[in-house]
Amino acid sequence: MKDKTKGIMGNSIETVRDTDSLFIPDNYRGSIAFNMESANGKRELAESVCPTKALLPFKENYSDLLLDYGKCIMCGYCAEITPKLIKINSKPASPVNTRASMIERLGPQIPSLASYEQTGNELRGKIQELFGRSLAIREVDAGSCNGCEVEITALNNPIYDIERFGIHFVSSPRHADLLLVTGPASKNMEVALKRTYDAMPGPKIVIAVGACACSGGIFGDTYSTTGGIGNVIPVDVYIPGCPPRPQTLLCGILLAIGRTLSHTK
Ligand code: SF4
Ligand code: SF4
């Protein structure tokens, strides 16, 4: 027994001190870059293979392309068929405040997100300012494939350890300040989602996590889905990705808290 205890104690720190040193594989699909100079009539081809219709022509110049990050599931088909026009990048795309601002006219450069540690430390200060205590999150799976849940669960593991920034997950909406919602909001989850939102106390911050929650994603806007949680409850922040990484989730929470703070001042 003594030896076993010594073995456990001997492991010392069971986490990493610097999450920014964590390796993001080059083949991680975080965002998309266009090189329109290499379009050469390939625009229609790229549009035709997109399963979620995330690629759109730019109205003022039909040879240009727009990407709807709210619909993009990062499948990579467009880049496979038009490799000179479209490149999938491992840098994660940024969370935004409105559904409309997820539609971007992209260039070859992808802006970098702030690091996980930097975002978490900034978030801790803002949570103190807004709530004077910790931030309580209720997560609702409104019909997701569980990919987004895996990343949300990772926030609580010893590596990302979100509780050190004053954020914890709760099991009742009555104790929650913020709602994280995944999935397209299937029709079967519509009433449950509305009731969860109604049960929350103010200021009722809502974040749509992943392409499905933003637009219906791979589930689309069909007879069995609502086509995105924005059609069921008001949304403060949309997080692109399929699924978004913990770093992007934290940036989305920071954006939502900052917005709520500015509204309350
Ligand atoms: S990576 Fe995105 S834009 Fe490209 S085909 Fe897949 S869903 Fe469409
Ligand atoms: S966004 Fe992607 S990972 Fe998240 S629920 Fe939808 S299909 Fe799954």
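Here's a quick tour of this structure, from the whole chain down to one helix and one ligand. Keep in mind that the model is predicted. The protein chain has 265 residues, and 42% of them count as buried. Its secondary structure adds up to 8 helices and 10 strands.

**The chain as a whole**
- Take the contacts between residues at least 6 apart in sequence: 79% of them join residues at least 24 apart.

**Helix α6, a helix with two sides**
- Helix α6 covers residues 187-199, which makes 13 residues.
- From its first C-alpha to its last, α6 reaches 19 Å, close to the 18 Å you'd expect at 1.5 Å a residue.
- Met189, Leu193, Thr196 and Tyr197 are the buried ones in α6.
- Look down the axis of α6 and its buried residues fall within an arc of 95 degrees, so they line one face of the helix.
- Strands β6 (135-141) and β8 (178-182) are included in what covers those buried residues.
- Flip to the other side of α6 and you'll find Val191, Arg195 and Asp198, which are exposed.

**The shell around ligand 2**
- There are 14 residues around ligand 2, and the ones that come nearest are Ser144, Gly147, Gly210, Cys212 and Cys242.
- Two helices, α5 (147-154) and α7 (210-215), each chip in at least two residues of this shell.
- Helix α7 gives the most, with 3 residues.
- Sort the shell by chemistry and you get 8 nonpolar residues, 6 polar ones and no charged ones.

Technical notes:
Residues numbered from 1 in each chain as written. Chains lettered and ligands numbered in written order. Predicted model: local features only at pLDDT ≥ 70, side-chain atom pairs only at ≥ 80, totals over all residues. Near = placed C-beta within 6 Å. Helix = DSSP H or I, 4+ residues; strand = E, 2+ residues; numbered from the N terminus. Nonpolar A, V, L, I, M, F, W, Y, C, P; charged D, E, K, R; others polar. Expected span 1.5 Å × (residues − 1). Buried ≥ 20, exposed ≤ 12 C-beta atoms within 10 Å, placed from the backbone. Arc of directions from axis to C-beta. Contact = placed C-beta atoms within 7 Å.
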